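Trainee: I would like a close look at a single part of this protein. Please pick one helix and take me through it.

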Amino acid sequence: MANVTPGCYDAAAVVTVRMLFGWDPGTDCPTRYDRASLGQCPNDDQTAAAQNRPCWAQPCTNPGPMIADHQPPLSLVWAMGGCLYPDLFYQWAHHPDSTPLSHCQAHSNAQGLDIANNFSGDPAASAQNFLMAMAII
Ligand SMILES: [Zn+2]
């Protein structure tokens, strides 16, 4: 089982998304995650709000600009049922509540690497591995 890296995944946000999309482990995604389909995301409002918060991967003293951090990360939300409701996923991804935290560039990159190393590939398997690593299932 993969271990989760501190400062990458907010457990409360994971629970919220599970309730929002109602994904059941083992449910396959009909389509793969396509980042480009979201357009500019985080959008201007999400990015502006992110500048008022420190990087949440503490301790961190890196300067901004800060990056609005989707929690849970977009590809994992897609895998945890966003793929079943693409319109709702799009709305969620652009809503300010989906980016409650901020990352500096370095920690944003580290999060992306963590996802690529541990929770990429088949969406259903990635979602299940992620939730098990978070001790949520
Ligand atoms: Zn940082």
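Mentor: Start with two words. A residue is buried if 20 or more other C-beta atoms lie within 10 Å of its own, and exposed if 12 or fewer do. Keep in mind that this is a predicted model.

Let us take helix 1, which covers residues 11-21. Its buried residues are Ala-13, Val-14, Val-17 and Phe-21. Look down the helix axis. These buried residues fall within an arc of 105 degrees, so they line one face of the helix. What does that face pack against? The buried residues of helix 1 pack against helix 3, residues 74-79.

Now turn to the other side of helix 1. There, Ala-12 and Met-19 are exposed. Next, follow the chain out of the helix. Just after helix 1 comes Gly-22, with a positive phi of about 60 degrees.

Step back to see where the helix sits. The protein chain has six helices and two strands. From the N terminus, their order is α-α-β-α-α-β-α-α. The radius of gyration is 14 Å, close to the 14 Å that the globule rule gives for 137 residues, so the chain is as compact as a globular protein of that length. Along the principal axes, the C-alpha atoms fill a box of roughly 40 × 30 × 25 Å.

Burial can be read for the whole chain too. Of its 137 residues, 34% count as buried. Contacts reach along the sequence as well. Among those between residues at least 6 apart in sequence, 83% join residues at least 24 apart.

Definitions and conventions. Residues numbered from 1 in each chain as written. Predicted model: local features only at pLDDT ≥ 70, side-chain atom pairs only at ≥ 80, totals over all residues. Helix = DSSP H or I, 4+ residues; strand = E, 2+ residues; numbered from the N terminus. Rg over C-alpha atoms; globule rule 2.2 N^0.38 Å. Contact = placed C-beta atoms within 7 Å. Arc of directions from axis to C-beta.
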